[in-house]
Each structure stands twice: as structure tokens, then as C-alpha cells.
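Colleague: Hey, got a minute to walk me through this one? I'm new to reading structures, so keep it plain.

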Amino acid sequence: MIFITGGVRSGKSAFAEQLAAKIGAEKNCYYVATGMAFDEEMKKRILRHQLDRKEQEMNWTTTEMQVEVPKQLKHLSTKDVVLFECVTTWLSNVLYRSERDSARSETIHNCIESLQKQLLAWQAQGATIIVVSNEVLDELPSNYEEVNMYRRLLGELHQWLVQQSDEAYEVQFQLVQRWK
């Protein structure tokens, strides 16, 4: 597994896509998109990412994933590369979907555990997994409990991802720093 993080508009998606192209030249390449077009800004971001992928020589199979892993991606092999974009949006989807759940904490835990199990399963199946996330943990604590819960969960998930990864990168200003 390869973990890539960085600030918003830092170049991490472009780096991840270039890495996938290098690794996946002769492989099936899956782009797991977690974004939901809920407002105009997000619609534009999704469109920009779609256009960026169309300009590449790679033939991406794009699959949308708001929370649950799509069935068509349950079983992969050494012939597959998965680019998961991105953890921060996926976690936001989980928190939004569980907002009115009476057992919210358990639901969130189960969603995170399910994602972790799937990533490990793909790894065990021999697929190359590239996971992208945003770095939002440098900010000061919020006055809002929900924001602090999000940051805590994201920090824990980032730590787990780095532990499971063979490589870990941080991208800032299109400069790539390999940490692992």
C-alpha cells in the first residue's frame, strides 16, 4: 500500500495519478472516487479530476464510493492498481450519513473497520493500492465537537494507513517528501 497526503491543491492527486500510471502501465487501473457533488464547488472539483484523468494515457475504470466498497471491487489481483481518492472525503461521508444514527459511534467504527479490512484484503490479493488523503491536522483545535471528532478519527486513520503502507508521501506545493 502507498499512502499520499498533503494540503488542498498541493499536487497530491497529480502525484498519485502519475505513480499509478508508472506502476499500472500493464495493469487494470481503478479510480475509487469518494466525492459527492452536493454543491457547485464540489461539482467543479469532480469535473476537474475527471478531465485530468481523461487527458492521461491510462484507461481508468472509475467507481464511485460514498461509504461502502462497491461489490465489483471486492476481489482484485496482482494485475490491478487501485487509486482511492480520498480518505478525508470518505470520512466526511461516513460522518454525514451517520449524523442521525442513534448508535453513531458504533456505525462510524464499523465503517472505518470495514474500509480497513477491504484495504488489507486488496493488499493480500496482491493489488497495488494508492490511498490519498488531505492533511488537515496542522490546524488549531476547533470550538466544534464534530470538527474535533473528525480530526481525531482522521488522525487515527492516517496513522493506521502509514503503519500498513510500504511507502508514505507528503506533497506540498507540488514538492514530494517520502517519509516511509
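Modeller: Sure, here is a chat about cysteines, aromatic pairs, salt bridges and a pocket.

Modeller: This is a predicted model, where local features need pLDDT of at least 70 and side-chain atom pairs count only at pLDDT 80 or more, while totals for chains, interfaces and linings use all residues. Residues are numbered from 1 along each chain as its sequence is written, and side-chain values use heavy atoms, with hydrogens and water left out.

Colleague: Okay, how many disulfides does the structure hold?

Modeller: Zero. A disulfide here is a pair of cysteine sulfur atoms within 2.5 Å.

Colleague: Why is Cys86 not bonded to Cys111?

Modeller: Because the sulfur of Cys86 is 16 Å from that of Cys111, its closest cysteine sulfur, and that is too far for a bond.

Colleague: And is Cys86 buried or exposed?

Modeller: Cys86 is buried, at 4% relative accessibility. Cys111 is buried too, at 17%. The cut-offs are under 20% relative accessible area for buried, over 50% for exposed, and partly exposed in between (1.4 Å probe, protein chains only).

Colleague: New topic, rings. How many aromatic pairs are there?

Modeller: Two. Rings of Phe, Tyr and Trp (its six-membered ring) pair if their centres lie within 6.5 Å; planes under 30 degrees apart are stacked, over 60 edge-to-face, and the rest tilted. One of the pairs is Phe15 with Tyr169, edge-to-face, at 5.0 Å centre to centre and 65° between the planes.

Colleague: Where in the chain do Phe15 and Tyr169 sit?

Modeller: Phe15 is in helix 1 (residues 12-23) and Tyr169 in strand 6 (residues 167-172), so this pair links distant parts of the chain, 154 residues apart. Helices (H or I, at least four residues) and strands (E, at least two) are DSSP runs, numbered from the N terminus. Phe15 is buried at 15%, and Tyr169 is buried at 10%.

Colleague: What about Tyr31 and Trp60?

Modeller: Tyr31 and Trp60 form an edge-to-face pair as well, with 5.6 Å between centres and 90° between planes. Tyr31 lies in strand 2 (residues 28-33) and Trp60 in strand 3 (residues 60-64), so the pair ties together parts 29 residues apart in sequence. Tyr31 is buried at 2%, and Trp60 is buried at 11%.

Colleague: Now charges. How many salt bridges does the structure hold?

Modeller: Four. A salt bridge means a side-chain nitrogen of Lys or Arg within 4 Å of a carboxyl oxygen of Asp or Glu. Among them is Glu113 with Lys117, at 3.8 Å from N to O.

Colleague: How far apart are Glu113 and Lys117 in helix 4?

Modeller: Four residues, which is about one helical turn. Glu113 is partly exposed at 31%, whereas Lys117 is exposed at 54%.

Colleague: Which residue does Arg152 bridge to?

Modeller: Glu156, with the closest N and O atoms 3.4 Å apart. Both lie in helix 5, four residues apart.

Colleague: Last one: what volume does the second largest pocket have?

Modeller: About 230 Å³. A pocket is an open set of points on a 1 Å grid over the protein atoms alone, where a 1.4 Å probe fits, with protein on both sides within 12 Å along at least five of seven lines; lining residues have an atom within 4 Å of a point. Of its 13 lining residues, the closest to the centre include Ile108, His109 and Glu156. Helix 4 gives the largest share of the lining, seven residues.

Terms used. Grid points are joined across faces, edges and corners, and a volume is the space filled by probe spheres set on the points.
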